[in-house]
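This report walks through one protein model for a reader who has not met it before. Please look over the sequence and the structure first, and then read on.

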Amino acid sequence: VICPSAASGLPPENRSVMFSSGNNTGFELFEKWWNKSQTVPFYLIAVLLPMLNLKSPSFFAKFNVLGTVSVVYLVFLVTVKAARLGIHLEFNWFTENEFFVPEFRILFPQLTGVLTLAFFIHNCVITLLQNNRNQENNVRDLSIAYFLVGLTYLYVGVIIFASFPSPPLSKECIEQNFLDNFPSDDIMSFVARIFLLFQMMTVYPLLGYLARVQLLRQFFGNAYPSLFHVLALNLAIVGAGVAMARFYPNIGGIIRYSGATCGLAFVFVYPSLIYMISLHHAGQLTWPALIIHVFIILLGLANLIAQFLL
């Protein structure tokens with residue numbers, strides 16, 4: 001396990017771990033043409049942009065199922081690495097220790113920003129479920145899916161944090177993409193990166209389709225008004241993704257900033273306002289209900305502000 005970035009409160013920098021060998025010219029050339037923030041995003045345009053323009057929603061849903069393979073391998077990788085590294089947690093409250101793991105830190109809003117995006121993105125599931133043949137099974141299927149997804153996130157996150165060797169390294173060394181904590185010559189992590197790339201290639205077109213349906217249907221009344229409309233939207237989506245990968249390749253920051261911003265509207269403000277307006281029209285709005293829902297809106301606003309202060 002390696003620590004590519006310095007153990008500080010700042011987001012990890014996008015660095016490459018260099019190693020010496022008898023002849024490293026080939027590796028340096030590879031690093032030049034295969035850089036995860038400078039070259040790879042541009043290579044992926046040729047692969048992902050044509051997929052985003054496909055019209056069939058069933059293709060996106062069925063193609064996305066293949067991403068499950070990468071999730072299974074990531075769970076397997078985490079389990080094997082944890083079995084080799086063991087558990088490294090320090091919970092001694094009465095002895096000063098630089099590797100102490102606190103149960104509470106003032107930086108916790110970073111987690112709430114990520115959780116807000118996780119909750120917000122689930123509104124896209126409604127669009128996907130509109131194409132199901134048996135609509136009566138949606139509640140059952142969603143319940144199972146949410147349980148499995150939550151269990152996967154919890155297992156991978158807890159195991160990675162608990163097994164990270166601290167000491168000698170600090171838990172602050174854990175990268176936003178935990179695969180970066182393994183050296184370049186680690187075969188299992190290399191395979192995991194390939195699987196993760198494959199998973200992203202299955203998820204990305206699906207998210208693009210959901211954005212297309214929600215935006216174009218809202219403005220043009222049709223999810224696929226023409227190839228020109230779809231191509232223009234997809235160019236904007238891909239362009240934004242490439243720009244972020246090129247100039248701000250910090251996935252944790254992107255997730256929490258976008259999550260807190262979108263979540264403020266779609267998780268905290270809109271549901272509370274709509275519910276209060278409906279109660280007011282029905283003459284059933286009470287002071288306790290008003291205070292509770294205004295407090296929920298203020299929580300969302302505080303969550304957004306905290307992302308830029310911590």
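Which residues does the UniProt annotation "transmembrane region" cover? According to that unreviewed entry, the annotation covers residues 66-87, 107-129, 141-162, 187-207, 227-248, 254-277 and 289-309, given here in the numbering of this model, with feature names shortened and with the caution that annotations may be inferred rather than shown by experiment.

## Basis of the model

This is a predicted model, in which local features need pLDDT of at least 70 and side-chain atom pairs count only at pLDDT 80 or more, while totals for chains, interfaces and linings use all residues. Residues are numbered from 1 along each chain as its sequence is written, and side-chain values use heavy atoms, with hydrogens and water left out.

## Helices and surface

The protein chain holds 11 helices and zero strands, where helices (H or I, at least four residues) and strands (E, at least two) are DSSP runs numbered from the N terminus. Two of the annotated spans can be described further: residues 227-248 are 95% helix and 0% strand, with end C-alpha atoms 31 Å apart, and residues 254-277 are 100% helix and 0% strand, with end C-alpha atoms 33 Å apart.

Of the 310 residues, 31% count as buried, that is, under 20% relative accessible area with a 1.4 Å probe, counting protein chains only. The accessible surface comes to about 19500 Å², of which 71% belongs to carbon and sulfur atoms, as computed by the Shrake-Rupley method with a 1.4 Å probe.

## Nonpolar cores

A nonpolar core is a set of buried Ala, Val, Leu, Ile, Met, Phe, Trp, Tyr and Cys residues joined through side-chain atoms within 4.5 Å. The largest one has 14 residues, of which Leu77, Val78, Phe178, Leu179 and Ala192 touch the most other members. Helix H4 (68-85), helix H7 (138-163) and helix H8 (187-220) each give two or more residues to this core, and H4 gives the most, with six residues.

Leaving aside residues up to four places away in sequence, Leu77 touches Phe178, Leu179, Met188, Ser189 and Ala192, a contact being heavy atoms within 4.5 Å. Apart from the largest core lies another, of six residues, among them Ala260, Val269, Ile297 and Leu304.

## An enclosed space

The structure holds one cavity of 30 Å³ or more, a cavity being a set of points on a 1 Å grid over the protein atoms alone where a 1.4 Å probe fits but cannot get out. The largest cavity has a volume of about 70 Å³, and among the residues that line it, having an atom within 4 Å of a point, are Leu85, Ile160, Phe164 and Phe178.

Technical notes. Buried means under 20% relative accessible area, exposed over 50%, partly exposed in between (1.4 Å probe, protein chains only). On a 1 Å grid over the protein atoms alone, a cavity is a set of points where a 1.4 Å probe fits but cannot get out, and a pocket is an open set with protein on both sides within 12 Å along at least five of seven lines; lining residues have an atom within 4 Å of a point. Grid points are joined across faces, edges and corners, and a volume is the space filled by probe spheres set on the points.
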